[in-house]
Structure formats: structure tokens, C-alpha cells
Amino acid sequence: MMLLRNFILVMGFAILMILSSCTYDNVEELYPSPPSCDTTDLTYSKDIGPIIDASCAGCHSGSAPSGNISLANYNDVVISAQNGSLLGTIRHENGWSPMPKNGNKLDDCSIKKIETWVESGTPNN
Ligand code: HEC
């Protein structure tokens, strides 16, 4: 009789341990740490160009680009990067038209990548 009670106690304890370890795993899945923004080893072709193409070039390319500003290729984007309008518009700073026009502000990581690229001298890589 004593033996059976001990057996039940031990099994109960073991089941509790298994259940609590599952719960612990789930908590980690429910509250993941925020995704980090990797701004190391940025290249124009892999990182910056695709952001501009997806969010800006639709209006800022072709024979009549919006605002008479083309962002169709590297050389065009560098002009806006160097006169300050690229960062001014995507950060929604005073004195610049907020871009993308009538759209959502770029996500923080995309803005951070473009800032890093401009600060590192707009490399064509
Ligand atoms: C839906 C069309 C549209 C999109 C998308 C768009 N623009 Fe524009 N952009 C315009 C228009 C139109 C103007 C002319 C000025 C105005 O109307 O505000 C302009 C003006 C600008 C200017 C000059 C602003 C100034 O204050 O001198 C810059 C720089 C610019 N856009 C950059 C961008 C960048 C960078 C993106 C992408 C993040 C972008 N635009 C996306 C339509 C667009």
C-alpha cells in the first residue's frame, strides 16, 4: 500500500515536470525577442536598390517621374542621397514631402539600412 502511494507520487511529480517544461517552451514562442535589423555588409544591389525599386521607383522612373525626380537607378538615387532629399523624405522630416507619397512610411529597418548606406558614402556595390 505504501509502495503504491509512493509510486503515484513519483509519477505525478514526473508528469508535472514534463508539463511545466512544455509550458516553458510555449512561453518562449509566445514572446519572441524583437527581430533585429542587420545593417552589416549592406550592398546597393542586394539591399538598397530593392527597397527603392519596391517603394519609390513606381512613381520616380520613366519619362515623366513624379516631382521630376528619378530614382530609377544607382546614379539617380545617389543624387537624392547627396542633396539630403532621400533621407529627409523617408524620415518624414520637416521641410520635405513625406515619402512614399500617400503610402505607409518605410519600416524602421529599411530606413536604418538606407541611412547606413548614405553614411558610408553611397557605395555602388
Ligand atoms: C505614389 C507615388 C510616389 C511614390 C510611391 C513615391 N513618391 Fe516621391 N514624390 C511623388 C510626387 C508626386 C512628388 C512631388 C512632390 C509632392 O507632390 O510632394 C514626389 C517628390 C519626391 C521627392 C522630392 C521631395 C521634396 O520635398 O523635395 C523626393 C526626394 C522623393 N519624392 C523621394 C521618394 C522616395 C525616396 C520614395 C520611396 C521611399 C518615393 N519618393 C515614393 C510621388 C511618389
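# Close-up views of a predicted model

**View 1. The disulfide between Cys37 and Cys109.** In this predicted model, the number of disulfides comes to 1. The bond joins Cys37 to Cys109, whose sulfur atoms are 2.1 Å apart. Because the torsion about the S-S bond of Cys37 and Cys109 is about 85°, the disulfide is right-handed. Cys37 belongs to the loop between helix H1 (2–30) and helix H2 (44–55), while Cys109 is part of helix H5 (residues 108–119), so the pair ties together parts that are 72 residues apart in sequence.

**View 2. The largest pocket and its lining.** The largest pocket holds about 380 Å³ of space, and this pocket is the space taken by the ligand. Its lining is made of 18 residues, and those nearest the centre of the pocket are His60, Ile69, Leu71, Thr89 and Met99. Helix H4 (residues 85–90) contributes the most to this lining, with 4 residues. Sorted by character, the lining of the largest pocket has 8 nonpolar, 9 polar and 1 charged residues.

**View 3. The shell of residues around the ligand.** There are 17 residues around the ligand, of which Cys56, Cys59, His60, Ser97 and Met99 come nearest. The largest share of this shell is supplied by H4, which gives 4 residues. The shell around the ligand divides into 9 nonpolar, 7 polar and 1 charged residues, whereas the corresponding division for the lining of the largest pocket is 8 nonpolar, 9 polar and 1 charged.

**View 4. Side-chain atoms of His60, Ser97 and Lys101 beside the ligand.** In the side chain of His60, an N or O atom is 2.7 Å from a nitrogen atom of the ligand. For Ser97, a polar side-chain atom lies 2.5 Å from an oxygen atom of the ligand. The side chain of Lys101 has an N or O atom at 3.0 Å from an oxygen atom of the ligand. Of these residues, His60 and Ser97 are also among those that come nearest to the ligand, and His60 is one of the residues nearest the centre of the largest pocket.

**View 5. Backbone details at Pro100 and Asn68.** The peptide bond that leads from Met99 to Pro100 is cis, its omega being near 0°, and Pro100 has its place in the loop between H4 and H5. Met99 is also listed with the residues that come nearest to the ligand. Asn68, which is found in the loop between H2 and helix H3 (74–82), has a phi near 60°, a positive value in a residue other than glycine.

Conventions:
Residues are numbered from 1 along each chain as its sequence is written. This is a predicted model: local features need pLDDT of at least 70, side-chain atom pairs count only at pLDDT 80 or more; totals for chains, interfaces and linings use all residues. Side-chain values use heavy atoms; hydrogens and water are left out. On a 1 Å grid over the protein atoms alone, a cavity is a set of points where a 1.4 Å probe fits but cannot get out, and a pocket is an open set with protein on both sides within 12 Å along at least five of seven lines; lining residues have an atom within 4 Å of a point. Grid points are joined across faces, edges and corners, and a volume is the space filled by probe spheres set on the points. Helices (H or I, at least four residues) and strands (E, at least two) are DSSP runs, numbered from the N terminus. Ala, Val, Leu, Ile, Met, Phe, Trp, Tyr, Cys and Pro count as nonpolar, Asp, Glu, Lys and Arg as charged, and the others, Gly among them, as polar. A residue is near a molecule or strand if one of its heavy atoms lies within 4 Å of it. A polar contact is a pair of N or O atoms within 3.5 Å; within protein, one must be able to donate a hydrogen and the other to accept it, and residues adjacent in sequence count only if both atoms are side-chain atoms. A molecule sits in a cavity or pocket if more than half of its atoms lie within 2 Å of its grid points. A disulfide is a pair of cysteine sulfur atoms within 2.5 Å.
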